[in-house]
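Let's walk through this structure together, starting with one charged pair and ending at a pocket.

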Amino acid sequence: CTPCKTVKRMLSANPDIAKHIAIVDIDTEAGEAAMRKYQVKAIPCFIRGNERHVGALNKRELLAFMEG
């Protein structure tokens, strides 16, 4: 999706942030089992422990989410 690609580009341009994040691409049609397992109902979905955020984040928002 476009927001997913935007976040990936932002992370590529900011390796200091990217080294702390695991990016997992799931084909939403073929990966239904993984989507159920991680309770992903919409994309992009950021998961940190039991917290989640759905929707694109800019750099400031992503840093705030990571810090909890």
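At 30% relative accessibility, Arg48 is partly exposed, a class that lies between buried (under 20% relative accessible area) and exposed (over 50%), using a 1.4 Å probe and protein chains only. Its partner Glu51 is also partly exposed, at 39%. The two form a salt bridge with their closest N and O atoms 2.9 Å apart; the term asks for a side-chain nitrogen of Lys or Arg within 4 Å of a carboxyl oxygen of Asp or Glu.

A word on the source: this is a predicted model, where local features need pLDDT of at least 70 and side-chain atom pairs count only at pLDDT 80 or more, while totals for chains, interfaces and linings use all residues. Residues are numbered from 1 along each chain as its sequence is written, and side-chain values use heavy atoms, leaving out hydrogens and water.

The structure holds 2 salt bridges. Asp25 and Lys8 also meet in one, at 2.7 Å from N to O. This pair links distant parts of the chain, 17 residues apart: Asp25 sits in the loop between α2 (15–18) and α3, and Lys8 in helix α1. Helices here are DSSP runs of H or I with at least four residues, strands are runs of E with at least two, and both are numbered from the N terminus. Asp25 is exposed at 59%, whereas Lys8 is partly exposed at 33%.

Now turn to the lining of the largest pocket. Its residues divide into 21 nonpolar, 2 polar and 4 charged, where nonpolar covers Ala, Val, Leu, Ile, Met, Phe, Trp, Tyr, Cys and Pro, charged covers Asp, Glu, Lys and Arg, and polar the others, Gly among them. A pocket is an open set of points on a 1 Å grid over the protein atoms alone, where a 1.4 Å probe fits, with protein on both sides within 12 Å along at least five of seven lines; lining residues have an atom within 4 Å of a point. The largest share of this lining, 5 residues, comes from α1.
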